[in-house]
Amino acid sequence: MEDNPKIIAPFIDGAERDFLAHRLGIHPSLAGLLINRGVRTITDAVSFLNPSLENLHLPQLMKGMQVAVTRVLKALDGGEKILVYGDFDADGVTGVAVLSSFLQYHGADVTTYIPSRMTEGYGLHLKPLANAVDSGVSLIITVDCGIAAKEEVDFINKRGADCIITDHHEVPEELPSALAVLNPKQKDCKYPYKELAGNAVAFKLCQGILKHINGIEIDEMLKGLLDLVALGTVADIVPLTGENRILVKVGLDEMKKPRPGLQALINKAGLDNRRIDAGHLGFQLAPRINAAGRLENAGDALDLLLVHCLKRGMHLAEQLEKLNTRRQQLENQITEEARFMLTDSENELVLVGSSQDWHPGVLGIAASRLVEEFYRPVFLISTMDQTGKGSARSIPGFNIYEALQKAGGYLDKHGGHRMAAGFTVKTDLIDRLAKKLEEVARPVLTADILRPAFRVDGQLEPGLLDKELVMEMEKFAPFGLGNPRPLFFSPDLNIGRKRQVGESGNHLSLMVGDKGVEKKAIAFKMGDKFSDLQEDQEYNFIYSPRINEWNGRQEVNLEIRHIGSKDMEISSIHKTPCLHGALYIAGNLSLGRQDFLQKILEEIEDGGVAVLLVPTCCRAAEVCRFLKVNKFPIGFSVFTGLQDLQKISQRLETIKNQKESHLIVTTLNYLLHNPAGFLPLKLLAWESPFFEIPPAAFYSALESLVFSYRIQQNTQLIGLEFPGSPGRWFEWKGEKKVVNERQLKVEIPQGNRDNIISSLSGKATICVDRRNYVFLKKKFPHWDVINNRNPIGETDARDMLVLYHHPLTANDFRRNLDLIGDGKVYILGRDQDLAQNRNSWLPLEMERKYLVSLYRHIKEAAKSEHGNLSRIKKSWQGNRVLFEYGLKVFQELGLVKIFKNPSGNSVEFNETESGTVDLYRSIGYNELIGEKASYLYWEGLISAPAEKLAGKLHVLFCDNWD
């Protein structure tokens, strides 16, 4: 790898980072790490930092799941013989162990089969399938294979057996005619997460079966199999994001009390008394499992995973240990020979080598090592007789599976992923295959792609890395593809001491630092740099921080990934395209009101139509109230997910086709649901720091929208901009707190609320809710008493604002503050207010359990009321408003239809294929859940001790988000 790699550092919006840090109570550096990993909302962050099985997707969402589950249940009920047929790598072996263990636990008659890599090769094979059917097998379930086995599945069908395919490899144009195909990568599969490993797809099948057996998706038995799922998932190098991260995290927890086979394997790997992490799975345990399938028969590895006796497990682990040692020797031999062979072709775009002396079982590992060295796609082929078996590994930017597709005319078989693949080729076609691959690579592998890159999380001073911060970074584990260990860049660090370590001196131990702060560092496999590095000289470092434990002492060490010269060019610091320069930001409603109206009118004059984008549906309602109060002179409409989507779409087209000026107010959720429908309208953004979506994340979502639909399609991004807000300040127990350039003075007096009001003097506004409006209006006739839910118009300046109750939401608080300039604000709320607010707050009850209950009621009542909606509603004992909202969500999800007839509206039901629905497909449900999150945050904030509230108000009242 060359000495001058690219350094790619994503741009992080400081406001977004600080917002996450304050809301989550974490260090800003950790918030930056979340953003770098695509985690931008509070909800996603909480899920990321606390992986839970509760966040797994419903297995019924996977295409073919219902058919597969029904067939397996039939086999269980009828005592049929089932064959679980898997691949010979760690993913396939662990998947076979998971599925066969689960089926046996539930009484199935199960046998297993894993083909030999040497004598049979990857995938399904006719002979073992025929033997299985002849022995009475009537159902064959594949694991981690079968997606391209069209001929073999046809054979199974002709023999009178059924086949269910569970796989995760790339899907060919024509699928096998299996009874059911479970693969989330199918184009028409609605399963949200597409990157599951093969064993995880098998696990989802187990979930679906368990749901039908006892009504739950995961019990203790199935949870206990997640150690195997974790091992296979890490071994297959799939992204450790989303569901994969949850499965691996929980699986590692299960491994704290390992099964006998894994305990034996851990002993042989020298990991006794160690906390097993994803690195141990990938680099120490998985290679030993893979060694069996690479060199002999994967059945030994399967036996090890299923063994119940530790003594027997130790015997099997010893066999795998010997195979792994042999595998390492073969790998080193092939790597050395291939390196010599490929050196002459180092300037070629792809590297292809072959030999009849290479063992096909270890070609992939050798290819990976050579990719690291040459930074080119590598294809290694073992030639035996007239056929060569090959393994290929790639670099970012070159899809090796697609390359083999284009060279398919020279291949017998091939399959795999973007970064890794396997293939077979006639030996007399190898040279022509190499030329074809070179031809395919030429337009793709530009000089920039062929330059190695480090994607760092940012630039950092090592002195800032204390033990507590680095330990917090460990919460981001498990680390792997898609969720790498935090990586930082630090320029101009001084080397204070250096020495070679390791048995052959192939590693470096260093002391590095700046400004008088030094850290211990280890640079693996960089021993050859020892003579080139000079002590007391400065270099640029790329590294990951780790906690090193030794003799009960913990300290921060740096694991060095790259050392560059001081004058090394920082060639590519990447910044995510940001729309801040193209967007104006609509600020506080009370500021620049006329400018706000005027700018809207300017943007949509001459019959134009514009979209005003707001974070949530409640914000949309607030904006419309504001427009009505200020007599907005042109037409405007509100579009949210709580309305009939078909009617909205029709209304949208009508508005676009008319020649009159019009303003559409909608939410980000709805816009993303129907982005094409809003093109090429002008798009405005309404910023508010009071919602679940922070402004910077709001912009990021807009970026995704704009760039996915090409900004060249004449979509204009415009918006609104206001002058700075007046100064405000707040005071707690005499201590003045400053919030950026904006301040607020608030007091929370103790005692009887009415007595406090009576003691006040000056011009004041008392803000109350509907429950006490009439009472206080009569009791304090000399005060300006208003209902805090009424629209707010222009008001005279007041000395003080009295909030009789705790505001319901942050938005209510903000609206109230609009009534006062730099005067004092009194909050007289009590704990009872929070309880009442919670009970009256709609989204709190819009949870799955509420909707399930409501749906069941409507369905049951429809039978007795003959579908009459009015009577069904009267029979509902819960909140009537919630009934209406829930009904709209059901309509949006296609669960019910409402028909008008002379006797009143009637309800008709549509059954779903799986019997379950994903509520997050409902725009309205997503909007309501967002409102709930916003309210819960506000409740926690307003009920906090005064001194803590003062410390957090800058999140709420920050005007400058740059």
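Is Asp 492 buried, partly exposed or exposed? With a relative accessible area of 32%, Asp 492 is partly exposed. The legends below take this residue and others in turn, in a model that is predicted.

**View 1. Asp 492 and Asp 536 have positive phi values although neither is a glycine.**
Asp 492 sits in strand β13. Its phi is near 60°. Asp 492 is partly exposed, because its relative accessible area of 32% falls between the limits of 20% and 50%. Asp 536 belongs to the loop between β15 (517-523) and β16 (538-550). Its phi is about 65°. Asp 536 counts as exposed, because its relative accessibility of 58% is over 50%.

**View 2. Helix α3 turns one face inward with its buried residues.**
Helix α3 covers residues 42-49. Ile 42, Ala 45, Phe 48 and Leu 49 are buried there. Looking down the axis of α3, these buried residues fall within an arc of 125°, so they line one face of the helix.

**View 3. Phe 48 meets a ring and a charge.**
The structure has 6 aromatic pairs. One of them joins Phe 48 and Phe 476. Their centres are 5.5 Å apart, and their planes stand at 65°. The pair is edge-to-face. Phe 48 belongs to helix α3, whereas Phe 476 is in the loop between α19 (467-473) and β13 (488-501). The two residues are 428 residues apart, and the pair links distant parts of the chain. Phe 48 and Phe 476 are both buried. Phe 48 also has a charged partner: the charged end of Arg 245 sits over its ring, 3.7 Å from the centre.

**View 4. Tyr 855 and Phe 890 pair edge-to-face between two helices.**
The ring centres of Tyr 855 and Phe 890 are 5.4 Å apart. The angle between the planes is 75°. Tyr 855 lies in helix α29 (residues 848-864) and Phe 890 in helix α31 (residues 880-892). The pair therefore ties together parts that are 35 residues apart in sequence. Tyr 855 is buried, with a relative accessible area of 15%. Phe 890 is buried as well, at 2%.

**View 5. Lys 498 lies over the face of Phe 530.**
The distance from Lys 498 to the ring centre of Phe 530 is 4.2 Å.

**View 6. Ala 477 and Pro 478 are joined by a cis peptide bond.**
The omega angle of this bond is near 5°. Pro 478 is in the loop between α19 and β13. Phe 476, from View 3, is in that loop too.

**View 7. Lys 475 and Glu 472 form a salt bridge.**
The N to O distance is 3.2 Å. Lys 475 counts as partly exposed, at 44% relative accessibility. Glu 472 is also partly exposed, at 28%.

**View 8. Arg 71 and Glu 80 form a buried salt bridge.**
Side chains of opposite charge can pair when their charged atoms come close. The structure holds 27 salt bridges. In the one between Arg 71 and Glu 80, the closest N and O atoms are 2.8 Å apart. A polar contact of 2.8 Å joins the same two side chains. Arg 71 is located in helix α4 (residues 65-78). How accessible are the two partners? Arg 71 is at 7% relative accessibility and Glu 80 at 17%, so both fall under 20% and count as buried. Beyond its neighbours within four places in sequence, Arg 71 is in contact with Glu 80, Ser 138, Leu 139, Asp 162, Ile 164 and Leu 179. Among these, Glu 80 and Asp 162 join Arg 71 in one network, through salt bridges that share partners.

**View 9. Glu 174 and Lys 150 meet in a salt bridge.**
Their N to O distance is 3.6 Å. Glu 174 is in the loop between β5 (162-166) and β6 (180-182), and Lys 150 is in helix α7 (residues 150-158). The pair thus ties together parts that are 24 residues apart in sequence. Glu 174 counts as exposed, at 53% relative accessibility. Lys 150 is partly exposed, with a relative accessible area of 32%.

Conventions: Residues are numbered from 1 along each chain as its sequence is written. This is a predicted model: local features need pLDDT of at least 70, side-chain atom pairs count only at pLDDT 80 or more; totals for chains, interfaces and linings use all residues. Side-chain values use heavy atoms; hydrogens and water are left out. Buried means under 20% relative accessible area, exposed over 50%, partly exposed in between (1.4 Å probe, protein chains only). Helices (H or I, at least four residues) and strands (E, at least two) are DSSP runs, numbered from the N terminus. The arc is that of the directions from the helix axis to the C-beta atoms. Rings of Phe, Tyr and Trp (its six-membered ring) pair if their centres lie within 6.5 Å; planes under 30 degrees apart count as stacked, over 60 as edge-to-face and the rest as tilted. A charge sits over a ring if NZ of Lys or CZ of Arg is within 6 Å of the ring centre and within 35 degrees of the ring normal. A polar contact is a pair of N or O atoms within 3.5 Å; within protein, one must be able to donate a hydrogen and the other to accept it, and residues adjacent in sequence count only if both atoms are side-chain atoms. Contact means heavy atoms within 4.5 Å. A salt bridge is a side-chain nitrogen of Lys or Arg within 4 Å of a carboxyl oxygen of Asp or Glu.
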